[in-house]
Amino acid sequence: MCVLLDKFDEHDGPVRGICFHQDQPIFVSGGDDYKIKVWNYKQRRCIFTLLGHLDYIRSTFFHHKYPWIISSSDDQTVRIWNWQSRNSIAILTGHNHYVMCAQFHPSDDLVASASLDQTVRIWDISGLRVNWVAFHHTMPILVSGSDDRQVKMWRYNESKAWEVDSCRGHYNNVSSVLFHPNAELILSNSEDKSIRVWDMQKRTSLHVFRHENERFWVLSAHPNLNMFAAGHDNGMIVFKIQRERPAYCINENLAFYVKDKQLRRLDLTTNKDQAMCKLRAAAAFMQPYYALSYNPAENAFLLTSRSHNKEQCFYDIYRVPKDADGNTEAPVNRSPGIAAVWVARNRYAVLDKNQQISLRDLSNKEVRKVEMNIPVDDLFYAGTGVLLLRNDEGLQLFDVQQKRVMAHVKASKVRYVIWSKNMEYAALLSKHTLTLINRKLEVLCTQQESTRVKSGAWDEDGIFLYTTSNHIKYALTAGDCGIVRTLDLPLYILAVRGTVLYCLNREATPVEVPIDPTEYRFKLALINRRIDEVLNMVKNSTLVGQSIISYLEKKGYPEIALHFVKDERTRFGLALECGNLDVALEAAKICDDKAVWEALGEAALIQGNHQVVEMAYQRTKNFEKLSFLYLVTGNTEKLSKMMKIAQMRNDAHGHYQTALYLGDIEERIKVLKGVGQTSLAYLTAATHGYEEEADILKSELESKGQPIPPIDPNAKLLVPPPPICKLEENWPLLSTARGPFELLGLVPPSKAPGAGVSQKPAAAAFAVADDADDPDLEENGTAFVSKRMDLVTHVIFQFKQFNFTVLKGVGQTSLAYLTAATHGYEEEADMLKSELESKGQPIPPIDPNAKLLVPPPPICKLEENWPLLSTARGPFELLGLVPPSKAPGAGVSQKPAAAAFAVADDADPPTTHWPANSRLVADHVAAGSFESALRLLHDQLGVVSREPFKEIFMSTYASSRVSFSALPNTKVLFGYPLRNWQEASGKSGLPAVAVTLADLASKLQGCYHLTTAGKFADAIEKLRKILLSVPMLVVNSKQEVAEAEQLVEICRNYLVGLLMECARKEIPKTSPAELKRNAEMLAYFTHSELQPIHRILTLRTAINAFFKLKQMRTCASMCKRLLELGPKPDVAAQIRKVLAAAEQDNKDPNQLAYDEHNPFVVCSRNFVPLYRGKPQCRCPFCGASFSVGLEGTVCDVCQVAEIGKDVIGLRISTLQK
């Protein structure tokens, strides 16, 4: 039985030709309206129309391979069209009557046409279209590419052109061709997704570059560089066809390299560059020499050449006579092999195409094979008798004699290994990674680069200098790195000699590059604590820039950084950090900014420098703090002036407060009266005995009919005590020796003599004050202790007198009775017992086995301080670069022997630095800085509701620390795992990651299972937890950022769909309107972006509902959508039955608010469709869509973010700007 599926009626008149495409869901038709139409039968619409025929169209057919359509017409022509570019590519004329039919040959480039002129014509379309032509830059030759898939060469003169030869290999249209600007090569690209390089002389293909997904259309060559660009369907690629790095090696002060088919030698001491010999078997243009290895004992060289095809890889061994000149050809022996390196004086190792290693002698004879249990794809020199073997897992250090692997290291795709002179360190160069290792293959540091790492060399101090595409950089084995200088073109480093780099450029020409090594030598001196070098560099060098300043701050040397800083704001910050108020004050005067003065005042207040505090408060016009400062320093004269200033400013509050500080009662009465507080003024006057003023104020109150406030007879007078003495000098600080930077004048002293402040330097501003000489403390030591002890401690220490009054005084009569009776104080016990009986309280029983609570007598009286471990002061403390933790005499015994002992101060935990080191939410939460984390969430994601994050915040915070007990019965210690532990130092640490993408992905699988089981409420709860956990992620790559964003999208899609389904189930199904609404929400649910298994479930539910509602057209459409998802056979059979039944009555009696052909999203609150082009607003966190008018409210999906808020977006990686 035939069933009508669709009807297409856009042609005006009869349709005479039609053809379906064999791969695409399209078909073509032609009719009497002179039009050719291409249709998409899945979308049920005409995609485009081809115009050009002038009469009826008789037939239309697709080409079996190319994107072509052939049509025949009564206008006596046959036309060929490209349905991708939508234009006519050929018109075949020759018939003199109607052309009734035209078709492509099934395999050849032929077309057959039949006409009423009683002829059948065969057309050759192999040369259908020439797509590109290019001139040779010196010779009279042309090259062309066409749709016949051939690259043809033509020679021409003044009168004609003729074909010379053709290159065959492309299997689709050739789009573009060109001559290589510097070599006898031709480049072509094609719609077969390949670029080919051809030899002009041999007409053979040398190399093929493939791009799996896009067709190539155009080629272009750089006018100067060895670079080519090719445009494809989705963009452009830039590539090279020739290796530019010259083959070279270094031995002591001699550099050997290959240039222009010559082996050359450069003496680095004399700069003499000369040719050693000619290379008899020079490498091809497309396959230059890859590496050069030198044997100084035999004056022999190994040159290797590599290709993508292992069959074409080879190596040459040259033995150059010592008396040879540059014009002689040295004897050469060529053999196949991927790599070859020397392992002994007369032995070298060869890696062949089968990944087998063999040892050979100087005559190229195989001595023995090296049996390997692991695959090897490259090998490198690692000393006499030792090789570095590379495979997919990394590098193995292999002893050739012992035949065993001694060490291994993980490093991906290492291309070059460069050893230091003493063979203690090695640099592993990958495409974008530099790894420094030691002889044991232990990783010292790793540096990632955004551009390619080109070359490198070690200097005499163990610093590795390397080049990238546009920089010369350095790396220290301690992990520090930086930029030495920029480059216009890449260079390849041969050696480092002092301040000169010896390099080769791309043309293999030696180049000397001057560099400034001061920065990395300065860092190395700091790391090795060579203080004399540091002092010399600080005094004589011109180190500048933010990089060296930030480095010194990071390493904890702000005093040294002060010497390099020119910017006053930066100088001010560094001065505050190292406690140098004089420098900070000078910088503050120049900056003259309110924030700067406030910071200076706060720092000076900590150090007790009230004169600087006074200046800061004066500059910021902080009169309230200034008045209080004068109060605590006893400066009543200036306090009186402050009261007058407040009166002039009409500042009633400041006026009254200053009068209160001064104890000026009359002024207080005056202020209260002036602001209308007559009752308070009356109370103040009457309380302090100002009777006349009180009577006047009382009369005024009575005249106004206001009540007279009662006077408290027990009121205390509000008068401050007079100052004992006026504080003239700053707070006394500990004295410290001046460091070498102050002695040299490089860093100003902390406190200059004669500055009107304490003569003790400010470098010890944070040291503990010495109170050992306080006589009052010695005399009243017992009272001081008793004030600090709690009740139990006091009772225990006073038990020699058995001070029962302590317990009795706080109402603990029962405890006092027990204490007296237990310890044998019968008289006191009887008195306490009588007191208990008189109060009617029970008498506690006496335990006969109770132990006496009496402390043991002291063995001896402690005359001196507790002995501490002796710690030698470090070089930086001795030189004054770092303030000592305890200055001599700071809170310890003044005896000389005790000066070497110090108690370490409690340092801030690492968590205090995490928020300053990172702008990621997870790091702030791990540090316990919840407020700043919530501010970041508000700025990044528009979060306004905090409560849902409580559980996640607490879990992340707890995961950022570990607790352990060092010894039994000691307090718990905390550790703080760091994710950047390898390079972190001091304050630069960052917390370990608590939430990972893998954890969230596994939790998402659980949500999938809950959804499949129909437990929607549980799935919604867990999906929201996953969604709220995403900001807690910390990732290191753009791919992981994209995965996190995809996770948010998945959670949103599921939450919107499940919330809508839960809301649908709550709708009653009694009235027709409710049934329609139920069907609409089911239809919306089927468009949720869910996993296929869940989409099948939603479609099955919707199909049942629509079938019962008699919405047969929509039901049939949903059946087709379900079948496209590939359900189980039994489900598919059932759905096909429903589809057949629905198509028999293919109509929808009820009008629903649902258009499946118009793309839409669902409002996540009202659950109505928002069609494309209709205004809508979104949640900035989860991306859920909402109807216009819901802006400013909290999102119903994530329940934390404000709808429509403008934010900067999710930030979970430092790669995101």
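This dialogue reads cores, a sheet and salt bridges in a predicted model.

Trainee: What should I know before starting?

Mentor: The model is predicted: local features need pLDDT of at least 70, side-chain atom pairs count only at pLDDT 80 or more, and totals for chains, interfaces and linings use all residues. Residues are numbered from 1 along each chain as its sequence is written, and side-chain values use heavy atoms, with hydrogens and water left out.

Trainee: Which residues touch the most other members in the largest nonpolar core?

Mentor: A nonpolar core is a set of buried Ala, Val, Leu, Ile, Met, Phe, Trp, Tyr and Cys residues joined through side-chain atoms within 4.5 Å. Buried means under 20% relative accessible area, exposed over 50%, partly exposed in between (1.4 Å probe, protein chains only). Here the largest core has 88 residues, and C1179, F1181, F1186, C1195 and C1198 touch the most other members. Helix α29 (residues 1038-1065) gives the most, with 12 residues. Helices (H or I, at least four residues) and strands (E, at least two) are DSSP runs, numbered from the N terminus.

Trainee: Where does this core lie relative to domains 5 and 6?

Mentor: Domain bounds come from an automatic or database domain assignment. Domain 5 (910-994) and domain 6 (998-1203) both contribute residues, so the core lies between them.

Trainee: How are the strands ordered in the open sheet of four?

Mentor: Strands of a sheet pair through backbone hydrogen bonds, either parallel or antiparallel. Two strands count as paired if DSSP finds at least two bridges between them. This sheet runs β35-β36-β37-β38, with antiparallel pairing. β35 (378-381) and β38 (404-409) stand at the edges with a single partner strand each, so one side of each has no neighbour in the sheet. Strands β36 (residues 386-391) and β37 (residues 394-399) pair over six bridges. N391 has G394 in β37 as its bridge partner.

Trainee: How many salt bridges are there?

Mentor: A salt bridge is a side-chain nitrogen of Lys or Arg within 4 Å of a carboxyl oxygen of Asp or Glu. The count is 30. Take D165 and R203, at 3.3 Å, N to O. D165 sits in strand β15 (residues 161-168) and R203 in the loop between β18 (194-199) and β19 (205-210), 38 residues apart.

Trainee: Is E614 buried or exposed?

Mentor: E614 is buried, at 12% relative accessible area. Its salt-bridge partner is K638, at 2.8 Å, N to O. K638 is partly exposed, at 31%. E614 lies in helix α8 (residues 610-620) and K638 in helix α10 (residues 636-648), so the pair ties together parts 24 residues apart in sequence.
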